[in-house]
Amino acid sequence: MNPLAKKYLRPSQIPTKACHGCGIGMIENWLLQAIDELGLKQEDVVFGTGIGCVGRQTFATWGGDNFGATHGRALAVATGIKLAQPERRILVVVGDGDAASIGTSHLIHAARRNLGVTVICEDNMGYESTGGQFSPTTPAGYVTNSSPYGMVEPSFDPCDVVKAAGATFVAETTATQWHQTVKVVKKALQNDGFSFIHVRFPCNENFGAYALGTRDTLKNLEWIYEHTQGRKADGSETDFTWETGIKHDASNSRPEFTRLLREMNARVQSDLADKMAARA
């Protein structure tokens, strides 16, 4: 067994339930590497998941405390846990449907509040667990199960949304960028505030088959790599380019949200005690 999996994950949940060629297990391994390099133990981290491919395949894999939330609501659960246990690192793993669609409102307000969690948005560019329907991050013009003539809507980058909302650490990477992903996850986990990392990864079974015409893992990874470079293997330009790396770093620049709530609670309790003493 992978030594990091043996150290941090539940043996009963290994291997993951991922489809052939899926990048979710690989990305989870990189998260474990970042956690290990920071010297964190199981009891230091609470691992949360949403719904969909990412939630189903990572739910209950973490050997320590973990939770699975309903679709788009993982940050509501994370807020309560961070409020009650501020010393824990809260790592929330969600998909593009969770973060960029049904849970977008929660994402925006968690960023605005500077909630002390690290969100990993693992983006396979569609609702792949339900058959490959398009999502808000599906590139325009690409064929999916629910857009047989091509995705007519423009996509958006959730990094732009959380940065505008006030996130204090934002980064983007892909399943072809191992070392960069580990590096930015480590930085995110050291921010006492809202951190967001957007990681695109391949889905052979649906996005690969419908949009790219192949279930070959290497060809799907090559397509992602080319779109991080802006150039194909034959030297021609790609139809668009993803800019990856750290997009915004204001780590530890403003107070973490639940700390403000705890301080306010202490002031309220103190004022109440003073009023009770004055009446005595």
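Biologist: Which residues is Ile35 in contact with, leaving aside its neighbours within four places in sequence?

Modeller: In this predicted model, Ile35 is in contact with Tyr8, Leu40, Trp62, Leu91 and Leu189. Contact here requires heavy atoms within 4.5 Å.

Biologist: Which residues touch the most other members of the largest nonpolar core?

Modeller: Ile35 is one of them, along with Tyr8, Trp62, Leu91, Ile120, Val185 and Ile197. This core has 31 residues. Among the elements that give two or more residues to the core are helices H1, H2, H3 and H8. Strands E1, E3, E5 and E6 also do so. Helix H2 gives the most, with seven residues. A second, separate core of 25 residues includes Val46, Ala74, Ala99 and Ala111.

Biologist: Why is Tyr8 called buried?

Modeller: The relative accessible area of Tyr8 is 1%. Buried means under 20%, so Tyr8 is buried. Trp62 has 0% relative accessibility and therefore also counts as buried.

Biologist: What makes the aromatic pair of Tyr8 and Trp62 stacked?

Modeller: The ring centres of Tyr8 and Trp62 are 5.4 Å apart, with 10° between the planes. Centres have to lie within 6.5 Å for a pair, and planes under 30 degrees apart count as stacked, so both conditions are met. The pair links distant parts of the chain, 54 residues apart: Tyr8 is in helix H1, and Trp62 is in the loop between H3 and strand E2.

Biologist: Why is the pair of Trp223 and Phe240 called edge-to-face?

Modeller: The ring planes of Trp223 and Phe240 are at 80°, and the centres are 6.3 Å apart. Planes over 60 degrees apart count as edge-to-face, so this pair takes that name. Trp223 lies in helix H10 and Phe240 in the loop between H10 and strand E7, so the pair ties together parts that are 17 residues apart in sequence. Both residues belong to one aromatic cluster with Tyr142, Phe207 and Trp242.

Biologist: Are Trp223 and Phe240 buried or partly exposed?

Modeller: Trp223 has 10% relative accessibility and counts as buried. Phe240 has a relative accessible area of 22%. Buried means under 20% and exposed over 50%, with partly exposed in between, so Phe240 is partly exposed.

Biologist: How do you know that Asp36 and Lys7 meet in a salt bridge?

Modeller: The N to O distance between the side chains of Asp36 and Lys7 is 2.5 Å. A salt bridge needs the nitrogen within 4 Å of the oxygen, so the pair qualifies. Asp36 in helix H2 and Lys7 in helix H1 are 29 residues apart. Asp36 is partly exposed at 26%, and Lys7 is partly exposed at 48%.

Biologist: What makes Arg88 and Asp65 a salt bridge?

Modeller: The closest N and O atoms of Arg88 and Asp65 are 3.0 Å apart, and the cut-off is 4 Å, so the pair counts. Arg88 counts as buried at 9% relative accessibility, whereas Asp65 is partly exposed at 44%.

Biologist: How do you know that Glu172 forms a salt bridge with Lys247?

Modeller: The closest N and O atoms of Glu172 and Lys247 are 2.6 Å apart, and the cut-off of 4 Å therefore admits the pair. Glu172 lies in strand E5 and Lys247 in strand E7, so the pair ties together parts that are 75 residues apart in sequence. Glu172 is buried at 1% relative accessibility, while Lys247 is partly exposed at 26%. Asp157, Glu172, Arg200 and Lys247 are linked in a network of salt bridges.

Terms used. Residues are numbered from 1 along each chain as its sequence is written. This is a predicted model: local features need pLDDT of at least 70, side-chain atom pairs count only at pLDDT 80 or more; totals for chains, interfaces and linings use all residues. Side-chain values use heavy atoms; hydrogens and water are left out. A nonpolar core is a set of buried Ala, Val, Leu, Ile, Met, Phe, Trp, Tyr and Cys residues joined through side-chain atoms within 4.5 Å. Buried means under 20% relative accessible area, exposed over 50%, partly exposed in between (1.4 Å probe, protein chains only). Helices (H or I, at least four residues) and strands (E, at least two) are DSSP runs, numbered from the N terminus. Rings of Phe, Tyr and Trp (its six-membered ring) pair if their centres lie within 6.5 Å; planes under 30 degrees apart count as stacked, over 60 as edge-to-face and the rest as tilted.
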